[in-house]
Amino acid sequence: MGFSIIFKLIILVLISCWVLEIVDGYYLPGSFPNRYYVGDQLSVKVNSLTSIDTEIPYGYYTLHFCKPSEGIKDSAENLGELLMGDRIENSPYRFNMFKNESEIFLCKTNPLSSNEFKMLKK
């Protein structure tokens, strides 16, 4: 009787090890590991803006922000972002990994008009 239980435990341990070997990695949707080296360029993305009062999302570039020189491109990475109404787009912001940079000129914009200011405030 003791031999049978030990044999079953050994089989159970071997099967568990085999299953754990198959399930070695993981994938969390919307998140995946990246390896960056010194000087690698990092691209920043922007999301839609929502108001606390109205909950209506506004596209980031409907307001008066600097736009990328190569044009605005949608860059949603997964279905969840689309279903939640997120409008993820590229931006003109660029950074380099492990490089301390400050006072980088991005663009020049005109002052906000009263209507643009009201829209931004809303």
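Contact here means heavy atoms within 4.5 Å. By that yardstick, among contacts in the protein between residues at least 6 apart in sequence, 64% join residues at least 24 apart. The structure is a predicted model, in which local features need pLDDT of at least 70 and side-chain atom pairs count only at pLDDT 80 or more, while totals for chains, interfaces and linings use all residues. Residues are numbered from 1 along each chain as its sequence is written, and side-chain values use heavy atoms, with hydrogens and water left out.

The overall layout is a good place to start. The protein has 3 helices and 4 strands, where helices (H or I, at least four residues) and strands (E, at least two) are DSSP runs numbered from the N terminus. Along the sequence these elements follow the pattern α-β-β-β-α-β-α. Of the 122 residues in the protein, 13% are buried. In this account, buried means under 20% relative accessible area, exposed means over 50%, and partly exposed lies in between (1.4 Å probe, protein chains only).

Strand E4 offers a helpful way into the fold. Glu-89 is found in this strand and, at 5% relative accessibility, counts as buried. Leaving aside neighbours within four places in sequence, Glu-89 is in contact with eight residues' worth of partners that include Lys-45, Val-46, Tyr-60, Tyr-61 and Ile-72. The contacts of Glu-89 also include Lys-73, Asp-74 and Ser-75. Gly-59, found in the loop between E3 and H2, is 30 residues from Glu-89 in sequence and 9.1 Å from Glu-89 in space, C-alpha to C-alpha. Gly-59 is buried too, with a relative accessible area of 11%.

Aromatic residues come next. A pair of aromatic rings is described by the distance of the centres and the angle of the planes. Rings of Phe, Tyr and Trp (its six-membered ring) pair if their centres lie within 6.5 Å; planes under 30 degrees apart count as stacked, over 60 as edge-to-face and the rest as tilted. A search of the whole structure finds 2 aromatic pairs. In one of them, the rings of Tyr-60 and Tyr-61 have centres 5.1 Å apart and planes at 85°, so this pair is edge-to-face. The rings of Tyr-60 and Phe-65 have centres 4.5 Å apart and planes at 15°, so this pair is stacked. Tyr-60, Tyr-61 and Phe-65 form one aromatic cluster. Both Tyr-60 and Tyr-61 are buried, with Tyr-60 at 12% relative accessibility, whereas Phe-65 is partly exposed, with a relative accessible area of 29%.

The structure also holds 1 disulfide, meaning a pair of cysteine sulfur atoms within 2.5 Å. This disulfide joins Cys-66 to Cys-107, with an S to S distance of 1.5 Å. The link of Cys-66 and Cys-107 is left-handed, with -70° about the S-S bond. The pair links distant parts of the chain, 41 residues apart: Cys-66 lies in the loop between strand E3 (57-58) and helix H2 (79-83), and Cys-107 in the loop between E4 and helix H3 (114-121). Cys-66 is buried, with a relative accessible area of 14%, while Cys-107 is partly exposed, at 29%.

Back in strand E4 (residues 89-96), Pro-92 has its place. Pro-92 is buried, with a relative accessible area of 16%. Not counting residues up to four places away in sequence, Pro-92 touches Tyr-61, Cys-66, Lys-67, Pro-68 and Leu-106. Pro-92 and Cys-107 are 15 residues apart in sequence and 9.0 Å apart in space, C-alpha to C-alpha.

Pro-92 also helps to line the largest pocket, together with Tyr-93, Arg-94, Phe-95, Asn-96, Lys-99, Glu-101, Ile-104, Phe-105 and Leu-106. On a 1 Å grid over the protein atoms alone, a pocket is an open set of points where a 1.4 Å probe fits, with protein on both sides within 12 Å along at least five of seven lines; lining residues have an atom within 4 Å of a point. The volume of the largest pocket is about 160 Å³, taken as the space filled by probe spheres set on the points, with grid points joined across faces, edges and corners. The lining divides into 6 nonpolar, 1 polar and 3 charged residues. For this division, Ala, Val, Leu, Ile, Met, Phe, Trp, Tyr, Cys and Pro count as nonpolar, Asp, Glu, Lys and Arg as charged, and the others, Gly among them, as polar.

One backbone detail completes the picture. Phe-98, in the loop between E4 and H3, has a positive phi of about 60° although it is not a glycine. At 60% relative accessibility, Phe-98 counts as exposed.
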